[in-house]
Amino acid sequence: RALACEEWCRHPLLNTSRAAILCGWCSCGCSATAGGLAAQVEVADFDKAVAAISNAAAAGLLPPLASLLTIMDAVSHNAESALRRQRGWSKHRVLSFLGRYGNIGTEPAQLLAYVRALLCLDTPPRNVCEVGLFEGHSAVLFLALTARQVATYVSIDPHEFGFSAAVQEFLSMRFPGRTVFIRGLSDTQLNATKNPSLSHCNVWSLDGDHHPSAVARDGGNALRASPHVDMILMDDVTDSETTIHRNTHGRTHGRCSVTLGAWGAVKASAGKAFSASNCSFAGSKYGTPAYCSAWCIGLTRAPGSGLRRLR
């Protein structure tokens, strides 16, 4: 059934704090079609879900929630299966291990915020680059949203987890010819001279080491490597080393502590080119010991120049 934008505010997936964020999206004139939790099983085919997402994105529409959840579930299942095969762990142990980290698939407000951010660019991105890969949730989202323009996805990641190879294989098979995986730490690999593909990035997602100093370095290096970047996304605006303690430079939400120091450093690196930014906090990240569901979105050109309104 079709859901008006206002109905997202009362969707059963969302708690009160997340609903408050989604209610604000109605001012962008968005529309959405989804059937809620029950509809999750209705879009069982991954390729159909990707097609639904890319078609909606090309038309400037918010994609079906059911399709978004389907691709999130697909990458989760892929990583879980790989970890069970390699480690011989029980399903409960695998889910417990992965659940400690969280992902945008369990955070509907952030998931849809990222969708809206990319769709509001009037020129669809041709190259989306990211620090961090993990299970591939944000990667599959970016690839699905940009399928119509056959955009390239570039990831910098140390590939330190047992399922990293399976994540790369899954994404490469589902999106042939559209993925580039750079193995290593961002401190050494986020360099356009060493990796020329980074010079073409239109959108950057910073989701690697979440310590403020590391994020600040990644942000500055990303801006230097990519002269044509239009947007920067930053996940988990938190110091993962001290997140359970009150941070005097941030805000405390229940058991998680948010700091904006890293985002401030990224903005400082951008200088005058960083024209607008917004950070959102939705409370503790689902299933994690103390991480925040918090993210920032920044534009490197003035609002209204290079942006479009969702229909």
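**Notebook: a helix, two salt bridges and a pocket**

I began with helix α6, and I found it mostly covered, with eleven of its twelve residues buried. I keep in mind that this is a predicted model.

**Entry 1: helix α6**

I looked up where α6 runs. The helix covers residues 108-119. From its first C-alpha to its last it reaches 16 Å. That is close to the 16 Å expected at 1.5 Å a residue.

Next I asked which residues of α6 are buried. I listed P108, A109, Q110, L111, L112, A113, Y114 and V115. Then I added A117, L118 and L119. I count a residue as buried when its relative accessible area is under 20%.

**Entry 2: salt bridges**

How many salt bridges does a search of the whole structure find? I noted two.

I took D47 and R174 to begin with. Their side chains meet in a salt bridge, at 3.7 Å from N to O. D47 lies in helix α3 (residues 46-58) and R174 in helix α8 (residues 164-174), so this pair ties together parts that are 127 residues apart in sequence. Are these two buried or exposed? I found D47 partly exposed, with a relative accessible area of 44%. R174 is partly exposed as well, at 38%.

Then I turned to R217 and D187. They form a salt bridge, and their closest N and O atoms are 3.1 Å apart. I checked where each residue sits. R217 is in helix α10 and D187 is in helix α9. The pair links distant parts of the chain, 30 residues apart. I looked up accessibility here too. R217 is partly exposed, with a relative accessible area of 39%. D187 is also partly exposed, and its value is 46%.

**Entry 3: the largest pocket**

I looked up the volume of the largest pocket. It is about 760 Å³. The lining has 35 residues. Which of them are the closest to the centre? I wrote down G132, D207, G208, D209 and H210.

I then sorted the lining by element. Those that give two or more residues are β3 (127-131), α7 (137-145), β4 (152-157), α9 (186-189) and α10 (212-225). The largest share comes from α10, with three residues. I had met α9 and α10 already, as the helices that hold D187 and R217.

Last, I asked how the lining residues divide by type. I recorded eleven nonpolar, eleven polar and 13 charged residues.

Notes:
Residues numbered from 1 in each chain as written. Predicted model: local features only at pLDDT ≥ 70, side-chain atom pairs only at ≥ 80, totals over all residues. Heavy atoms only, no water. 1 Å grid on protein atoms, 1.4 Å probe; cavity = no way out; pocket = protein on both sides within 12 Å on 5 of 7 lines; lining within 4 Å. Points joined across faces, edges and corners; volume = space filled by probe spheres on them. Helix = DSSP H or I, 4+ residues; strand = E, 2+ residues; numbered from the N terminus. Nonpolar A, V, L, I, M, F, W, Y, C, P; charged D, E, K, R; others polar. Expected span 1.5 Å × (residues − 1). Buried < 20%, exposed > 50% of the residue type's maximum accessible area, 1.4 Å probe, protein only. Salt bridge = Lys/Arg side-chain N within 4 Å of Asp/Glu carboxyl O.
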